[in-house]
Amino acid sequence: MELRPWREAPERDGVLLMAPHELSAGRRAEVLRSARWSWVHLTSAGADFIDLAEWPADTLLTRSWRCYAAPLAEYALHAVLTHEWRRGAPWQERDTRSAPAPDAPPVPAGASTGGGTGLWGAEVTVAGWGAVGQRLATVLDALGARVTVLRRSPAPGSPFHQTSDLGRALDADHLVVALPLTAGTRHLFDRAALGRARPGLHLVNVSRAAIVDQDALTELCAAGRLFATLDVTDPEPLPTGHPLRSLPTVRLSPHVAWRSRDSDAAFADDFATIWATLAAADSSAAPDPSATADSSADPHSSHAPGISDVSAPGVPVPAVPAPGAPAPGAPVPAVSAPGAPAPAAPAPSAPMPDARALDAVIPGLVPPTTGRRARAAVRALLTPGRS
């Protein structure tokens, strides 16, 4: 297996690692059309950069669904706490109190804590139940907040109150938006919904700007009805003079909530997990003529599959795991030198799970990719003798 720039990728059967948010729409289209990719893995958590309706059925599409959960949850927690303590922190650089009288209590009954109230007892709605929403809800709950989860289909057995009612979700002190952008979530929080929100609601968006009606949010924040902390806007960056830039009820950051010490290459862990899942699912599979008949999975192709990278300069390139890669957290093998033979796939011995069963266990899989296509893709990559 080789790691190459995308312009040097094989004509087919290559694996593309793409950082879609670091490319213009035109360049993304150019990269995707440059070869017949067997597998495209997005370094982003969202797949809204991709037109799924036009996505080729013979190309596996996956995303980095888990690696940004910790920094995004931390950003959201910071935003909520900053808002709670916006009138002043409870501590001072030095104690400026005068010495108390001998019989005075150590803390006067009317002593100020800086105007903050903290999270204990606060009502927080987490919109979305992916990796970010789950981590954030757990942290907020541990700090004493009353957490409500907005989900399309509430599931039984959750330790958190769940709702699919938008009005209930907006009746809170804080709303954290951690939903993917889809046709169903675009402008989910529209003018009508935001107009019914609890006065003083603080909205935190760490997902995509288009999930919220930005014009309506701007007007309500300008009127003092709502507060907002936004890591995403439309467009990015906002034009000079846009009212969101100057409203005292709004805090902005330049789409950096995903950043952490390890985030530049963190997507490699998700990529390795998906690869290991595919390899494990295929390692005991008998040959499937209906899958290998696909020319992109043809084991007799004269083109060797490769890993191509289109991340921006300065972003570390991930090490590509060999078949049977270890679980995340374990060392990932380095990419073999060009021309070195790939490890042989385990011998077939058992039937392959059907496509629907495989769909359920592939993390980061983006529909409309199917389990059948995943089997074909991994078989092409793991064919003995391929490099």
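Student: In this predicted model, which side chain meets Glu 123 in a salt bridge?
Tutor: The model is predicted, and side-chain atom pairs count only at pLDDT 80 or more. A salt bridge needs a side-chain nitrogen of Lys or Arg within 4 Å of a carboxyl oxygen of Asp or Glu. For Glu 123 the N to O distance is 3.3 Å, and the partner is Arg 198.

Student: How many residues apart in sequence are the parts that Glu 123 and Arg 198 tie together?
Tutor: Glu 123 belongs to strand E5, whereas Arg 198 sits in the loop between helix H5 (191-195) and strand E9 (202-205). The pair therefore ties together parts whose separation in sequence is 75 residues.

Student: Is Glu 123 buried, partly exposed or exposed?
Tutor: Buried means under 20% relative accessible area, and exposed means over 50%. Arg 198, the partner of Glu 123 in the salt bridge, has 23% and is partly exposed. Glu 123 has 21% relative accessibility, so Glu 123 is partly exposed.

Student: Which residues are linked with Glu 123 and Arg 198 in a network of salt bridges?
Tutor: The search of the whole structure finds 9 salt bridges, and the one between Glu 123 and Arg 198 belongs to a network. The other members of that network are Arg 146, Asp 171 and Asp 173.

Student: Which residue forms a salt bridge with Arg 7?
Tutor: The closest N and O atoms of this pair are 3.6 Å apart. Arg 7 lies in the loop between strand E1 (3-5) and strand E2 (15-18) and its partner in helix H1 (residues 25-33), so parts 23 residues apart in sequence are tied together. Arg 7 is exposed at 57% relative accessibility, whereas the partner is partly exposed at 29%. That partner is Glu 30.

Student: Which helix holds Glu 219, the salt-bridge partner of Arg 191?
Tutor: The closest N and O atoms of Arg 191 and Glu 219 are 2.7 Å apart. Arg 191 is in helix H5, and the two residues are 28 residues apart. Both are partly exposed, Arg 191 with a relative accessible area of 43% and Glu 219 with 45%. The helix that holds Glu 219 is H6 (residues 214-222).

Student: What is the order of the strands in the open sheet of 7 strands?
Tutor: The pairing in this sheet is parallel. Strand E7 (161-163) and strand E11 (250-252) each pair on one side only, so they are the edge strands. Neighbouring strands are turned by 15° against each other on average, direction ignored. The order is E7-E6-E5-E8-E9-E10-E11.

Student: Which residue in E6 is the bridge partner of Ala 127?
Tutor: Strand E5 (residues 123-127) and strand E6 (residues 146-150) run parallel and are joined by 5 bridges. Helix H3 (residues 131-142) lies across E5, E6 and strand E8 (174-177), at about 170° to E5. The partner of Ala 127 in E6 is Leu 150.

Student: What is the handedness of the β-α-β unit made by E9, H6 and E10?
Tutor: E9 and E10 pair in the parallel sense over 4 bridges. One of the bridge pairs consists of His 202 and, in E10, Phe 227. The unit that E9 and E10 make with H6 is right-handed.

Student: Which residues point the other way from E10 than Phe 227 and Thr 229?
Tutor: In a regular strand the side chains alternate between the two faces of the sheet. In E10, Phe 227 and Thr 229 point one way and are buried. The residues that point the other way, also buried, are Ala 228 and Leu 230.

Student: Which residue in E11 is the bridge partner of Leu 230?
Tutor: E10 and E11 pair in the parallel sense over 3 bridges. In E11, the partner of Leu 230 is Leu 252.

Student: Where does Pro 235 lie?
Tutor: Most peptide bonds are trans. The bond from Asp 234 to Pro 235 is cis, with omega near 0°, and the bond from Glu 236 to Pro 237 is cis, with omega near -10°. Pro 237 lies in the loop between E10 and E11. Pro 235 is likewise found in the loop between strand E10 (227-230) and E11.

Technical notes. Residues numbered from 1 in each chain as written. Predicted model: local features only at pLDDT ≥ 70, side-chain atom pairs only at ≥ 80, totals over all residues. Heavy atoms only, no water. Pairing = 2+ DSSP bridges. Axes fitted to C-alpha atoms, helices over the stretch in contact; angles between N-to-C directions. Contact = heavy atoms within 4.5 Å. Buried < 20%, exposed > 50% of the residue type's maximum accessible area, 1.4 Å probe, protein only. Right-handed = clockwise from strand over helix to strand, strands pointing away.
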